[in-house]
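Me: I'd like to learn how to read a fold from its strands and helices. Could you walk me through one?

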Amino acid sequence: MNNLIWFRNDLRVTDNESLLKAMNGNNVIAVYCFDPRHYEADNFGFKKTEKYRAKFLMETIANLRANLKQLNVTLFVFHDKPEVVLPKLVKENEINNIFLQKEWTSEENAVFDSVIANVPALVNFETAYQQFLFHPDDIPFDSFENIPEVFTNFRKKCEKYAQIKSTYPIPESKNPTNFIANTTKIPTLAQLGLSDFTTDSRTAFPFKGGEDEANNRIASYFWETGKLAHYKKTRNGLIGKDYSSKLSAWLANGSISARTIYWQVKKFEKEVIKNQDTYWLIFELIWRDYFKYVSLKHQNKIFHLGGILNADYHWDNARLAKENWIKGNTKEPFVNANMKELALTGWMSNRGRQNVASFWSKELEQDWRIGAAYFESMLIDYDVHSNWGNWMYNSGVGNDPRNRKFNIPRQASMYDANGKFQKLWLQETLF
DNA sequence: GTAATATTGTT
DNA sequence: ACAATATTA
């Protein structure tokens with residue numbers, strides 16, 4: 001049996017069920033496609049992927065390729081559609097089985113369906129949920145239909161009844177003869193239609209993509225500096241790389257698994273200290289799972305104007321409001337500083353995200369999907385479920401039972417009392 | 001009807 | 001600690 005592993009958002013060799021299973025084949029190859037559709041404009045005119053995440057992804061694939069080579073597995077890399085690439089690979093390498101992570105959002109489903117339609121019917125596909133902390137088989141709900149609409153109800157039931165699986169090991173290496181020399185290349189930013197850039201020295205996310213870098217971040221944030229032990233107290237910070245874990249970016253493309261992080265926290269709690277702060281990182285991983293289950297339950301509604309509530313609010317779509325919000329030219333300096341940070345780095349703190357989202361949808365009353373689409377374009381750590389779920393939540397069409405509106409000046413005085421953050425991004429450029 | 005008081009959910 | 005709802009008086 002010859003196996004192929006098709007990488008999408010599971011770009012790692014550790015705790016990767018699909019890879020581990022594929023490695024049982026006689027011959028094993030791997031493929032990643034930079035899908036041109038991911039770099040085109042969306043319905044709102046934003047490029048679906050901007051330069052910051054694209055670069056992070058390129059670094060991720062380079063690292064994945066190196067780590068797979070250690071296992072004597074070739075990673076073919078293409079700048080083309082999977083439904084074009086995979087049928088050729090299947091034919092040339094006489095592939096019997098294709099292993100991949102299970103996705104469920106409409107665009108991912110459409111691509112998967114095209115691939116199925118374009119390979120011989122005898123080819124077998126095996127998918128696996130590998131992006132969860134609480135595996136769908138282990139949650140205490142009979143069906144996705146019964147996922148609670150209130151986060152706390154979801155969290156408490158999962159914490160009480162759901163076991164968290166152990167991680168899958170790195171597979172054993174194949175024989176060196178399994179490795180096939182190939183000349184496929186990771187595309188450049190220019191080839192993806194994006195401009196090159198130098199990293200802004202003020203960035204809160206000065207990290208590179210890839211599984212090794214994710215592990216380095218854990219080594220640093222958990223073990224070397226012990227900052228995990230202060231996470232709950234510092235996580236609403238705004239400046240610098242260490243106010244929060246920053247693991248979201250590697251989690252989003254699957255360079256590291258939620259379970260790997262969970263078991264590292266457990267180890268830290270055993271060997272160093274267990275406190276509210278260490279728990280809070282797990283708490284945040286549960287939020288991440290929650291939005292995946294919300295999207296499994298509600299499917300395409302997470303992209304609709306009325307959200308999962310079918311709410312009927314008045315929404316504007318003002319070109320000038322959009323331009324001013326994006327450029328950081330609104331009446332709220334705290335919003336402006338955060339929006340400039342996003343435009344210049346591809347990163348914004350969690351505190352900032354909640355504020356600029358609330359301002360956009362609740363204060364300006366603009367179509368919340370425009371805000372969500374802009375975040376999708378810009379964020380290094382974009383994850384479809386967290387992004388659209390959080391935007392629904394902050395826009396009053398999602399899972400917030402209170403439909404809160406942020407008092408922005410108050411938030412600014414609480415979280416940026418001395419104005420350091422606002423100054424960092426708003427002061428006139430010195431020359 | 002209003003106003004005080006309790007409950008809810010929280011990144 | 002808070003703000004939006006729900007309940008009680």
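**Reading the sheet and its helices**

Reply: Let's start with one pair: Leu4 has Ile98 as its bridge partner in S4. Before we go on, a word on the ground rules. This is a predicted model, where local features need pLDDT of at least 70 and side-chain atom pairs count only at pLDDT 80 or more, while totals for chains, interfaces and linings use all residues. Residues are numbered from 1 along each chain as its sequence is written, chains are lettered from A and ligands numbered from 1 in the order in which they are written, and side-chain values use heavy atoms, with hydrogens and water left out.

Me: What do labels like S4 stand for, and when do two strands pair?

Reply: Helices (H or I, at least four residues) and strands (E, at least two) are DSSP runs, numbered from the N terminus. Strands of a sheet pair through backbone hydrogen bonds, either parallel or antiparallel. Two strands count as paired if DSSP finds at least two bridges between them. Here, S1 (residues 2–7) and S4 (residues 97–101) pair in the parallel sense over 4 bridges. S1 is also joined to S2 (residues 27–33) by 6 bridges, again parallel, with Trp6 partnered by Val31.

Me: How does the chain get from S1 to S2?

Reply: For handedness, point the strands away from you: a crossover is right-handed if the path from the first strand over the helix to the second runs clockwise. From S1 the chain passes through helix H1 (residues 17–22) to S2, and this β-α-β crossover is right-handed.

Me: Which strand does S4 pair with besides S1, and how does the chain get there?

Reply: S4 pairs with S5 (residues 124–128) in the parallel sense over 5 bridges. Leu100 stands opposite Thr127 in S5. The chain goes from S4 through helix H4 (residues 106–118) to S5, in a right-handed β-α-β crossover.

Me: In what order do the strands lie in the sheet?

Reply: The order is S3-S2-S1-S4-S5, 5 strands in an open sheet with parallel pairing. S3 (74–78) and S5 are the edge strands, each pairing on one side only. On average, neighbouring strands are turned by 25° against each other, direction ignored. For angles in general, axes are lines fitted to C-alpha atoms (for helices, over the stretch in contact), and angles run from 0 to 180 degrees between N-to-C directions.

Me: What packs on the sheet?

Reply: Contact means heavy atoms within 4.5 Å. Helix H3 (residues 82–92) packs on the sheet and touches S1, S2, S3 and S4, its direction making about 165° with that of S2. H4 packs on the sheet too, touching S1, S4 and S5, at about 160° to the direction of S5.

Me: Are the residues of S1 buried or exposed?

Reply: Buried means under 20% relative accessible area, exposed over 50%, and partly exposed in between (1.4 Å probe, protein chains only). In S1, 6 of its 6 residues are buried. Asn2, Leu4 and Trp6 lie on one side, with Asn3, Ile5 and Phe7 on the other. In S4, 5 of its 5 residues are buried.
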